[in-house]
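Me: Please take a close look at a single buried position in this structure, and then explain the surroundings in which it is found. I would like one connected account, suitable for someone in the first year of study.

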Amino acid sequence: NTAGININLKLSQPTIIGKETDIGNPLVPPSSEWLQQQTKSTLRFLQSIGNHSEGRWKCPAPRHTYFFPNIRTIFTGIPKSGCSNWIEFLLQAEGALDHPIDPTNVYLVHTTYSNPYRFTNHNIKHEAEEASKKEKLLSFAVVRNPWTRLVSGYRDKLSDEKTQGRSFSGMARSIVYKINMIDGVKDSKSKHPTFNQYLRWILLDSGLNDHFNQQYKTLCLSLSYDYLLPLEFSSVMSHKEIAQRVGKPVDLWSSYDHKSNDPRVQSSTLLAKEWLSKQEPELIEKLYEMFKDDFAIMNYSNFSHPDFPLPLTNDKQI
C-alpha cells in the first residue's frame, strides 16, 4: 500500500449505492472528488518509482499524447484502453472530424486524422507548452483494468478471432515459435498463440509493444493529469469538466462490445474470468507482479472479485 494506493489482491465485498443492474449489484461511476484524489495519489506514486528528470514535456511515448488547441485539451491514449473512441470524440469536438468513422476504418483515427495533433509533431508539442504558460490546459488519460486489457489485447491483435482492429500476424507467429521452442514442440502449424502462450510471452519479452506493456509507461507523468478516467465507466460517465471544455456531453461506449453498458458483463470481462481462472496460480502471481502498478492506478479489482473489472472506490482491498 504505497502513497495511499491499495494494490493487494484480496477479496472484499464492495459498498456501492445506485441503480441495480442485471447482475444484482449497482453500477455507479466514481465521484469527481474520488477521481481527483485517486489521480493525485497515483501520479505521486508513479513519479516516485520512475525517472522523470528530463523535464515536463518529455514523454516516454509521445506518439500516444495529443494536444487539441481549439478545446485546450491534452489527452494520452493508452492502447487497448478505449483510446480509439476517445480520440475520435476529441477530434469531433476539435472540429477536425465531422462524421463518425466506420469501425472497419478505425486505423484512420490513429493516422490521417490524429497525426497532426500528436506530441511527435514538434510544432504541436511546442504550442501546448506555450499555451500552458498562459492558461490551465485540461489534461487527462483513460486507463483500464489490467486483466481485461490483457484479454482485449490478445483477442484483437494475436488470436484468430475476427475483430475491428488490425491484427499483428507476424508477432503472433513469432510468439508461437518462441514458446514452442521453449516447450520442445516441433512442426507446429499454428499461426496464433494460445492464451496461455500469450501470457507466458508477456513475461518473457522485455521489449513489449505498447498494446501489451504496462499502462503507466505510456503516461507523460510529469504533465500532472487532471484526471485518470477509468474506461470501465466511459459508457455511463459524463464528466463535467471534460464535457464543459469540449462543449458537449461525453457519451462514450466501448467499441468492442455493444451488448451491455455494464462492464461486468461485457465479453472481455467474462472471458477474462474464464480464461484467467484456468491458468496456474504461479503464472497469475507473476503477471500481477508485473502489472501491479497498473492495478494501483485506479485501485482495480482482481478477476475473482464480484465487481470485477471495476475500480474499488470504497478503499477496500482488491
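Reply: T73 is buried, because its relative accessible area is 0% and a residue counts as buried when that value is under 20%. The model in which T73 is seen here is a predicted one. T73 belongs to strand β2, which covers residues 73-77. Its side chain reaches the backbone oxygen of I71, at 2.9 Å. Leaving aside residues up to four places away in sequence, T73 touches Y66, F67, F68, L138, F140 and R245.

The chain around this position may be described next. It has nine helices and four strands. Read from the N terminus, the order of these elements is α-β-β-α-α-β-α-α-α-β-α-α-α. Of its 318 residues, 51% count as buried. The chain exposes about 15000 Å², and 49% of that area is supplied by carbon and sulfur atoms. Contacts also link parts of the chain that are far apart in sequence: among those between residues at least 6 apart, 71% join residues at least 24 apart.

One of the neighbours of T73 is R245, and helix α7 spans residues 240-246. A243 is found in this helix. With a relative accessibility of 13%, A243 counts as buried, since the cut-off is 20%. A243 and A93 are 150 residues apart along the chain, yet their C-alpha atoms are separated by 9.8 Å.

The packing of helices can be followed from helix α4, which comprises residues 146-158. Helix α9, residues 281-297, packs against α4 at an angle of about 110°, and the two axes are 10 Å apart. The two helices are therefore roughly perpendicular to each other, because angles from 65 to 115 degrees fall in that class. On the side of α4, the contact is made by P146, W147 and L150; on the side of α9, it is made by I284, L287, Y288, F291, D294 and F295. Sorted by class, this contact has eight nonpolar residues, one charged residue and no polar residues.

Helix α8, residues 267-277, also packs with α4, here at an angle of about 100° and with axes 9 Å apart. α4 and α8 are therefore roughly perpendicular to each other. From α4, the residues in contact are W147, T148, V151, S152, Y154 and R155, and from α8 they are S267, S268, T269, L271, A272, W275 and L276. The residues of this contact divide into seven nonpolar, five polar and one charged.

W147 of α4 takes part in the contact with α9 and also in the contact with α8. A polar contact of 2.9 Å further joins the side chain of W147 to that of N302. N302 is placed in the segment after α9, and it counts as buried at a relative accessibility of 8%.

H305 likewise lies in the segment after α9. At 1% relative accessibility, H305 counts as buried. H305 and K273 are 32 residues apart in sequence, while their C-alpha atoms are 9.6 Å apart in space.

To return to the starting point, T73 in strand β2 is a buried residue with a relative accessible area of 0%, and L138 and F140 are among the residues it touches.

How values were computed: Residues numbered from 1 in each chain as written. Predicted model: local features only at pLDDT ≥ 70, side-chain atom pairs only at ≥ 80, totals over all residues. Heavy atoms only, no water. Axes fitted to C-alpha atoms, helices over the stretch in contact; angles between N-to-C directions. Parallel < 35°, antiparallel > 145°, perpendicular 65-115°, else oblique. Contact = heavy atoms within 4.5 Å. Nonpolar A, V, L, I, M, F, W, Y, C, P; charged D, E, K, R; others polar. Buried < 20%, exposed > 50% of the residue type's maximum accessible area, 1.4 Å probe, protein only. Polar contact = N/O pair within 3.5 Å; in protein donor to acceptor, adjacent residues only side chain to side chain. Areas by Shrake-Rupley, 256 points an atom, 1.4 Å probe, with all protein chains shown as cover.
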